[in-house]
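Visitor: Hi, could you walk me through this one? I'd like to start with burial and then wander a bit.
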There are 2 protein chains.
Amino acid sequence: MKSMVQAVEVSASKPSLSDNTADLDRLKRSVRQATGQENITCPLPDMAGVAGSFRDAGFQGAAVVRDTGNGMEIISFFPGMPQKLPGMALDLGTTHLEACLVDLLSGQEMARVSREHAQGQFGADILTRIHYAERNAGLAQLQRATVSDINAMAADLAGRAGMVSGDLMALGMAGNTAMTHFLLGLSPYHMCREPYIPVANTVDIFRARDLGLEICSSAPIWVAPSVGSYFGGDLLAGIVACDLDLEDQPGMLVDVGTNAEVILGGKDWLLACAGAAGPALEGGVARMGMRAGPGAIDKVSIDPDSKFLDYSTIGGEPALGICGSGLIDLAAQMYLAGMLDTRGKFRPESMKERFVEDEHNPCFVVVQGEQSGHGQPVTVRQSDINALIRSKAAMYAVLSTLLQQVGLSFEDLGRINVAGAFGRHIDPEKAVVLGMLPDLPLNVYHPVGNTSLKGAVRAITDCDFRQRIMDAARRVTYIELNVNQEFMHRFSGARFIPHTDVSLFPSVPRPQEVCR
Amino acid sequence: MKSMVQAVEVSASKPSLSDNTADLDRLKRSVRQATGQENITCPLPDMAGVAGSFRDAGFQGAAVVRDTGNGMEIISFFPGMPQKLPGMALDLGTTHLEACLVDLLSGQEMARVSREHAQGQFGADILTRIHYAERNAGLAQLQRATVSDINAMAADLAGRAGMVSGDLMALGMAGNTAMTHFLLGLSPYHMCREPYIPVANTVDIFRARDLGLEICSSAPIWVAPSVGSYFGGDLLAGIVACDLDLEDQPGMLVDVGTNAEVILGGKDWLLACAGAAGPALEGGVARMGMRAGPGAIDKVSIDPDSKFLDYSTIGGEPALGICGSGLIDLAAQMYLAGMLDTRGKFRPESMKERFVEDEHNPCFVVVQGEQSGHGQPVTVRQSDINALIRSKAAMYAVLSTLLQQVGLSFEDLGRINVAGAFGRHIDPEKAVVLGMLPDLPLNVYHPVGNTSLKGAVRAITDCDFRQRIMDAARRVTYIELNVNQEFMHRFSGARFIPHTDVSLFPSVPRPQEVCR
């Protein structure tokens with residue numbers, strides 16, 4: 001492990017008339033000796049502080065240095081060798097930011113926080129924010145919102161470790177291309193207009209002060225590169241974080257957040273696509289939908305015979321709504337209990353008192369008002385299920401179309417990494433019942449969590465990792481599915497539970513016939 | 001000539017659905033192809049501007065790049081190949097700043113300006129300012145004064161070339177160690193306390209914005225390295241500017257400004273010393289003394305027989321005072337006309353009506369009040385001449401002591417470079433008469449002007465030059481003459497005109513006997 005920033009222990013003789021080397025040059029000489037690197041530099045704004053700390057410490061202690069690729073840059077100095085050298089990693093999501101504090105010496109996670117992205121006030125989705133950015137000062141507002149969020153998270157993380165923000169010596173982050181543009185103050189104007197060109201896909205390492213980030217002011221900031229307007233650094237970081245770029249046998253990374261994004265490949269090639277497949281799986285689209293947080297229904301089971309419905313919520317709290325994985329569970333169980341037909345339509349006759357009409361919308365009552373956390377029933381509308389069916393159809397169609405592009409079948413895959421909140425909470429067995437994921441042995445599926453954040457952690461703790469991301473960026477071929485006839489054909493076939501062609505899902509039981 | 005900053009002509013194909021490389025990555029690709037350098041970067045604050053200019057120009061034009069030693073950094077972009085690429089060079093003097101605008105493409109000087117250093121308001125000399133810097137906020141005030149001066153000079157220079165400050169793409173500067181510390185906000189506290197240690201002798205290249213310099217904000221700023229508290233970057237720049245560091249035969253650089261500084265050596269070794277030898281040669285000490293500007297008496301001749309005194313002034317203006325070279329001329333002529341004895345004392349009997357007493361001070365009237373520019377007589381006191389004698393004695397003693405340290409004599413020297421205002425205006429013949437400079441063939445002496453400024457120019461127009469300065473810095477041995485017995489002995493012997501040992505000055509005529 002070679003972290004982005006390292007601590008180098010130094011001890012120099014004190015200045016004298018016969019050795020009148022200047023303080024900072026004396027420190028540079030010591031770092032030169034300790035690292036074997038010839039070219040040792042120090043940024044102008046740090047010269048006074050670094051040299052002063054070195055002198056105050058009696059000309060010994062630890063220099064905090066960064067390998068610039070052309071030598072070592074001294075960014076801070078401690079009177080003694082630090083026990084920990086904290087760095088921050090960030091997943092720069094559209095709706096949420098998730099960050100953790102990592103010890104750059106050991107690579108260990110020290111704390112983790114997440115928060116809603118303050119950019120949300122300017123628009124819930126990317127396109128709205130892109131249009132907002134085109135308004136006068138809009139881009140600057142978006143940028144400031146994120147910088148404030150990051151500064152607040154840095155202070156929070158540092159506080160949890162008994163430190164202050166200024167102690168954080170590096171920041172690595174990964175986000176989609178639009179989020180990256182907003183944060184860096186780059187106009188997204190051409191990203192959403194043919195031929196959809198970002199201002200920049202690669203971002204050179206800069207310093208915290210360049211962006212007003214209130215960590216150590218010369219701390220290096222690494223931003224994951226993007227492949228294009230619709231394939232961002234969060235995915236690239238994810239590819240490498242789950243080692244897809246090293247696999248001999250082709251594998252997949254499936255990341256369902258605001259979008260569903262899928263990468264297929266291994267060490268030789270990488271094929272990617274993305275689409276707005278996921279809205280039903282994130283809170284907001286289903287009216288009762290919510291993020292996977294306390295009170296969210298995340299697991300549902302329905303006894304096919306008695307139709308008795310049981311559920312659990314995150315944190316065991318009274319139910320407030322239903323999260324993506326809960327919705328998938330619910331739909332799969334409803335299908336198996338004969339409450340949904342193969343097109344995903346309600347079968348009211350089997351739903352009994354759980355079927356109600358709400359402003360002319362057919363609804364399924366998951367939790368009665370008297371048992372919920374807010375006194376209102378938690379319901380799912382037919383339209384929510386329709387959206388889920390579209391999502392799952394899109395997901396399956398994406399997966400199968402990608403494979404078809406390279407003449408592979410699902411059975412050729414060694415490993416399917418399922419990332420994001422989706423991957424963390426979902427039960428692949430239920431997703432297979434719905435026909436969202438292919439009918440493969442369950443041990444093929446690996447929940448890998450927030451791979452964007454994991455990649456950001458790896459990027460600041462492992463220099464080789466950053467090179468792997470650059471290499472992966474060059475190997476990725478992005479295909480546009482919205483204009484792909486084959487995809488549209490496969491999408492139509494996948495709009496059934498589990499699929500028009502049930503032979504593709506041999507392990508999925510036929511639903512219980514409705515008891516009239 | 002390889003300038004610090006270069007313009008690279010690029011032409012890229014326009015983005016399309018089949019070539020959706022991002023704007024900045026497209027430019028980097030073009031620069032990579034044009035320069036053959038792999039690692040092309042762009043500082044965060046320039047990304048939007050550079051990429052935007054590239055797109056607006058139709059993806060062709062000229063990238064302004066800096067060789068970082070590890071690749072190329074893009075700091076600006078022009079829609080077409082510029083005719084000139086201006087950079088600024090600065091001599092950061094204690095009392096005066098002198099700067100010029102240089103075309104980084106051709107190396108040609110485009111404009112030159114000078115001004116009094118605004119730091120003067122906080123103290124005329126270095127020591128006063130060092131003490132001022134120790135006051136609360138004193139250092140910041142000194143720094144701001146210089147930054148404001150530099151910004152004003154940059155605007156002035158740019159205006160003379162029909163440009164604006166932001167067009168300036170590089171800045172190189174050289175100053176003494178204290179001036180460098182003040183500008184960079186480094187405390188001079190330990191410089192004037194044994195063992196006299198600066199904060200830093202070497203300064204890594206930084207960006208204009210890091211110091212609030214209002215030229216192109218990512219323009220690289222180069223500051224000449226120092227050797228120690230009493231041997232600054234101005235002298236190092238001077239050594240290399242007059243190629244002393246390349247000489248096979250030992251030579252000398254004599255720079256008389258606020259201090260007299262002398263370097264002896266060549267390609268193998270360099271020996272340096274400095275001392276407060278020069279006050280009489282700069283305006284301020286002699287009451288009528290003034291900088292070499294309009295109205296300053298710069299040449300004097302006295303007919304030994306008639307005692308008729310003739311003089312010229314700079315610009316031919318009515319006399320206002322006398323500058324260093326004028327004073328040397330005057331003293332030499334007075335000595336040859338029998339008006340000064342060998343100890344430099346007035347011989348009133350030969351001075352006739354030009355001898356007056358001013359508040360009990362013996363004075364020599366150079367110009368009568370009715371002929372001067374201000375209506376007052378321009379006079380020189382005995383005490384001014386005494387100061388001059390001390391200065392010239394110190395100078396000669398420095399030169400001869402330095403030579404003695406390495407077992408050389410004046411005849412071994414190939415070339416003596418005389419720098420500074422002193423070198424530009426002085427007549428070596430007169431300096432030899434006084435015994436200030438050794439009695440050598442006059443073609444040994446070469447006036448080389450402001451070598452600090454020349455060095456700063458070379459540093460931004462020639463990368464090899466910067467390396468030569470670093471090499472020279474390592475080769476310089478600085479000797480402290482104030483504690484040197486040999487120097488004190490030689491100083492005493494040199495306090496006569498031309499010297500106690502007249503055999504050292506065979507070409508100097510014996511003075512005219514006084515006509516009683």
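Visitor: What percentage of the residues of chain A count as buried?
Guide: In this predicted model, 59% of the 516 residues in chain A are buried. The surface of chain A comes to about 19,800 Å², with 48% of that supplied by carbon and sulfur atoms.

Visitor: And how far does the chain span along its principal axes?
Guide: The C-alpha trace of chain A spans about 100 × 50 × 45 Å. Its radius of gyration is 26 Å, which agrees with the value near 24 Å for a compact globule of 516 residues.

Visitor: How many helices and strands are there?
Guide: Chain A contains 14 helices and 22 strands. If you count contacts between residues at least 6 apart in sequence, 65% of them join residues at least 24 apart.

Visitor: Switching to charge: how many positive and negative side chains are there?
Guide: There are 44 positive and 58 negative side chains in chain A. The centres of those two sets lie 2 Å apart.

Visitor: What about confidence, what does the pLDDT average?
Guide: The average for chain A is 91, and 94% of the residues score at least 70.

Visitor: Where is the pLDDT below 50?
Guide: That happens over residues 277-286 of chain A. In the model this stretch still has 34 contacts beyond near neighbours in sequence. Where pLDDT is low, though, predicted coordinates should not be read in detail.

Visitor: Last one: what ipTM and pTM does the predictor give the complex?
Guide: The complex gets an ipTM of 0.91 and a pTM of 0.90 from the predictor.

Definitions and conventions
Residues are numbered from 1 along each chain as its sequence is written. Chains are lettered from A and ligands numbered from 1 in the order in which they are written. This is a predicted model: local features need pLDDT of at least 70, side-chain atom pairs count only at pLDDT 80 or more; totals for chains, interfaces and linings use all residues. Side-chain values use heavy atoms; hydrogens and water are left out. Helices (H or I, at least four residues) and strands (E, at least two) are DSSP runs, numbered from the N terminus. The radius of gyration is taken over C-alpha atoms; the globule rule is 2.2 Å times the number of residues to the power 0.38. Buried means under 20% relative accessible area, exposed over 50%, partly exposed in between (1.4 Å probe, protein chains only). Contact means heavy atoms within 4.5 Å. Accessible areas come from the Shrake-Rupley method with a 1.4 Å probe; for residues, only the protein chains shown count as cover. Lys and Arg count as positive and Asp and Glu as negative; His and the chain ends are not counted. The place of a charge is taken as NZ of Lys, CZ of Arg, CG of Asp or CD of Glu. pLDDT is the predictor's confidence in each residue, from 0 to 100.
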